[in-house]
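Trainee: Could we go through this model together, helix by helix and then across the chains?

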Amino acid sequence: MNWLLVLPVIIPLGGALFLYMLRKRTAIVTAVSWTTAGFGLTVGVMLMSLVIKQGPQAVSLGSWPAPYGIVFAADLFSAAMVLITWIIGLGIVIYSAADLKLKPSFANYQVLIQFLLVGVNGAFLTADLFNLYVWFEVMLIASFSLMMLDAGSIRIHGGVKYVFLNLISTLTLLLAIGLLYGATGMLNFAELHHKTANLSPGLIHILAGLFLFSFSVKSALFPLYAWLPASYHTLPSSVAALFAALLTKVGIYAVIRMFTLVFPFEGTGWQTVLIAVSGLTMLTGVLGAASQFTIKRILSFHIISQVGYIIIGIALYTRLAIAGSILYLIHHIIVKANLFLIGGFLNRKFGSDQLSKMGGVYRSFPFLAVLFMIPAFSLAGFPPLSGFWSKFAVIRASIETGHYWLAATALIVSVLTIYSMLKIWNEAFWKPDPADPVLTQVRPLSSREACLYLIPIATFALMTIIIGLAAEPFFRFADQAAMQLLEPADYIQAVLGEK
Amino acid sequence: MSSLLSLITGVLIAAGVYLMLERHILRILFGFVLISNGVNLAILTCGRLSKKGLPIVPPGAVMPDTPYANPLSQALILTAIVIGFGVLIFCLVLAYKACQVRESADVNLMDLSEREER
């Protein structure tokens, strides 16, 4: 039994239980949550190097042989997602030691962040459909609780939308899993890959539609994204960054896994719909962002528009497009988390999230201005940052397959993205500080706090630059991962054993 | 039998959707309960129904000798019921809290997080 596949789930689970027992002692809580995330990152790196060296790995839990028992499996795509989850997890845990320090339930935040990581890693590693549903639930319940800790009335109202819309998606997923099990008698991804080939096209169309609906709510696709802008901006910055980086991406991961392995997407009859949806998601997201005036709201809408870009890859279903999606996913998780962290830092500095109350950061804190420019320009897709290469891949794929209007939409959305990034730049960094010294009573920032805020921000910015400058190895990796998804023979062999 | 259960599933989900379209937050929750029961019933029906056959394989055979209901789908439902129950409790408390904010159970009034701020 290969422990590396299970440890990304066990480590945060143990960490969470440990943290809960120690929740009264704040100093230890911080140390334990950092250590847990550090171990997680180590395991993520080891898993990644194992998968790169020896191809897809699988482990049957409780020695029940596949396809009957629950199997955990990792190919390049899964391993990359686990690694990036732990990079973000460690960054957020460090950042939250400053950001959430004064919240009454600081320790509970740390416990639930670890539980959220349990669910996210479980969803990335499982090769069993019902098990995927269970990890989704673990993740959702942890996120529900994170949303409601110390909640004021605004956050409760945001939470109602978040919880109820996600419940509808969960029920649809459960129904779809039940029906698919009824049709095939299997829940294992690899075995389903063989079994679904024999189903009638009509049945595949309906089942794929149910799965697509459910995952679309989770990954915030047009027109099912209403829960996201209603709730994310009410969260504390570090939690918002965690949600923004990981939650919708788990939905996208599930879409990509489901529609390459279980139902190869071309045969489902939903391709035209998803291509249109990806264009509309990009466009409506960015237009929503353009109409907002607080940093977190602008960034929340940008999640939606970026998800549209990622979905282009699976909708077009070529090797280049899926490689582009994977690269985009990795780039987007880092950049989006970083922007939320910077937004949180500004929020802390000015005691408000509204752009009109900010100003003068370029003068007072030029280092932060540089750190903001890197993810902001990367988000919009300026060369040579990471966003450029991932956008280049998906746009090139849409031109190659003859979807010119999709490429045009993607380019226009980039321009609109830079418009709202410039809005933040002009208001928070460029214009003079409007602060009224009598009215603003923000606690001054200690240098230890500033360090905790800036270390993750600077690290993520550095990673953005590295992916941008050394794009070739990263793109080659994404290409390999895409090939494993499109020709899943190795994955299937790893899961089902010798065949 | 399975067609009757399919019909009941349909009725439960239809009634649940109808309730979810209401504005009262408790009705939405009741809709959630009905749909989740409907979904569980659908999974039960998918796993075949049988009156007496047990899924126990006699010694030396590869399959049970009587037609049997799939025990795995029943195990799936058990998991789903437990999860659904936990989520329902959470939602009830959330609904209660949300009603307190503006002293109304109308979800159209639960819009504090979507107001414009400048």
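Mentor: Happy to; what follows is a short set of questions and answers on a predicted model.

Trainee: Are α2(A) and α4(A) roughly parallel or roughly antiparallel?

Mentor: Helix α2 (residues 26-54) and helix α4 (residues 106-125) of chain A pack at an angle of about 15 degrees, and their axes are 10 Å apart. Angles under 35 degrees count as roughly parallel. Therefore α2(A) and α4(A) are roughly parallel.

Trainee: Nice. How many nonpolar, polar and charged residues does the contact of α2(A) with α4(A) have?

Mentor: From α2(A), the residues are Thr26(A), Val29(A), Ser33(A), Thr36(A) and Gly40(A). They meet Phe106(A), Ala107(A), Gln110(A), Gln114(A) and Leu117(A) in α4(A). Gly counts as polar here. By class, that contact has four nonpolar, six polar and no charged residues.

Trainee: Why does the length of α1 in chain A agree with what a helix should span?

Mentor: Helix α1 (residues 7-21) of chain A has 15 residues. At 1.5 Å a residue these should span 21 Å, and the end C-alpha atoms agree, because they are 21 Å apart.

Trainee: Which helices do the buried residues of α1(A) pack against?

Mentor: Buried residues of α1(A) include Leu7(A), Val9(A), Ile11(A) and Leu19(A). The buried residues of α1(A) pack against three helices of chain A: α2, α3 (76-99) and α4.

Trainee: And which helix gives the largest share of the side of chain B that touches chain A?

Mentor: In total, 30 residues of chain B are in contact with 30 residues of chain A. On chain B, α2 (25-46) and α3 (71-102) each supply at least two residues of that side. The largest share, 13 residues, comes from α3(B).

Definitions and conventions
Residues are numbered from 1 along each chain as its sequence is written. Chains are lettered from A and ligands numbered from 1 in the order in which they are written. This is a predicted model: local features need pLDDT of at least 70, side-chain atom pairs count only at pLDDT 80 or more; totals for chains, interfaces and linings use all residues. Axes are lines fitted to C-alpha atoms, for helices over the stretch in contact, and angles run from 0 to 180 degrees between N-to-C directions. Helices (H or I, at least four residues) and strands (E, at least two) are DSSP runs, numbered from the N terminus. Angles under 35 degrees count as roughly parallel, over 145 as roughly antiparallel, 65 to 115 as roughly perpendicular and the rest as oblique. Two residues are in contact if their C-beta atoms, placed from the backbone, lie within 7 Å. The expected span of a helix is 1.5 Å times one less than its number of residues. A residue is buried if 20 or more other C-beta atoms lie within 10 Å of its own, exposed if 12 or fewer, and partly exposed in between; C-beta atoms are placed from the backbone.
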